[in-house]
Amino acid sequence: MGSEKTTRLDQYLRLAKLDLILTPSQSEIDKCKLMIVDKDAPILAACLSSRVSILITLDFNHILNPKIAKFLKPILVLTPHQLVLLIENRVPVSSENFELVVNRLRELEDKEDVAEIRRMKSKM
């Protein structure tokens, strides 16, 4: 993310309602080890046991994949950039509107990709 986007994300996180969550039990962690590498199992277990709405990560290798998204559903697994897109486009995020959020996010990312391609072409 560029410095402007990082600054915007930082501003949003300062306004957000963030809570500390409890360490999950070993049995919850062990269940998650069946889905993901051992080092990331406590993260998934904590999300599931605390019923968070969103998991923000840049772990493209282990967490940001369809298998984990399905395992964590209705928890949204997003990059920081995706979170900024949702906030700036005033998309309400909750587990009740999971499918709506996912579909709207795809639309926003497609729109952003088209805009980026146009910017690149205009520089040629």
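When I say contact today, I mean heavy atoms within 4.5 Å. Hi everyone, and please keep in mind that this is a predicted model.

Let me start with Thr57. Thr57 sits in the loop between strand S1 (54-56) and helix H4 (66-72). Is Thr57 buried or exposed? With a relative accessible area of 12%, Thr57 is buried, because the cut-off for that class is under 20%. And what does Thr57 touch, once we leave aside its neighbours within four places in sequence? The partners are Ile63, Leu64, Val77, Leu78, Thr79 and Pro80. There is also a polar feature here: a polar atom of the Thr57 side chain lies 2.9 Å from the backbone nitrogen of Asp59.

Next, a pair of helices. The axes of H2 (residues 26-33) and H3 (residues 41-50) come within 8 Å of each other, crossing at roughly 115°. From H2, the residues making the contact are Glu28, Ile29, Cys32 and Lys33, while H3 brings Ala41, Pro42, Leu44, Ala45, Leu48 and Ser49. Sorted by character, that contact has seven nonpolar residues, one polar and two charged. As for handedness, H2 passes H3 in a right-handed crossing.

Lys33 leads me nicely to the charged pairs. How many salt bridges does a search of the whole structure find? It finds three, so let me walk you through them, taking a salt bridge as a Lys or Arg side-chain nitrogen within 4 Å of an Asp or Glu carboxyl oxygen.

In H2, the side chains of Asp30 and Lys33 meet at 3.9 Å, N to O. Those two are three residues apart in the helix, about one turn. Asp30 is partly exposed at 36% relative accessibility, and Lys33 is partly exposed too, at 32%.

Helix H6 (residues 98-123) holds Arg104 and Glu107, again three residues apart, about one turn of the helix. They form a salt bridge whose closest N and O atoms are 3.2 Å apart. Here Arg104 counts as partly exposed at 29% relative accessibility, and Glu107 as partly exposed at 47%.

Then there is Lys39 with Asp40, where the closest N and O atoms of the salt bridge are 3.1 Å apart. Which of those residues is buried, and which is exposed? Lys39 is exposed, at 58% relative accessibility, whereas Asp40 is buried, with a relative accessible area of 3%.

That's my tour, thanks for listening!

Terms used. Residues numbered from 1 in each chain as written. Predicted model: local features only at pLDDT ≥ 70, side-chain atom pairs only at ≥ 80, totals over all residues. Heavy atoms only, no water. Axes fitted to C-alpha atoms, helices over the stretch in contact; angles between N-to-C directions. Helix = DSSP H or I, 4+ residues; strand = E, 2+ residues; numbered from the N terminus. Left-handed = near helix turned anticlockwise from the far one by under 90°. Nonpolar A, V, L, I, M, F, W, Y, C, P; charged D, E, K, R; others polar. Buried < 20%, exposed > 50% of the residue type's maximum accessible area, 1.4 Å probe, protein only. Polar contact = N/O pair within 3.5 Å; in protein donor to acceptor, adjacent residues only side chain to side chain.
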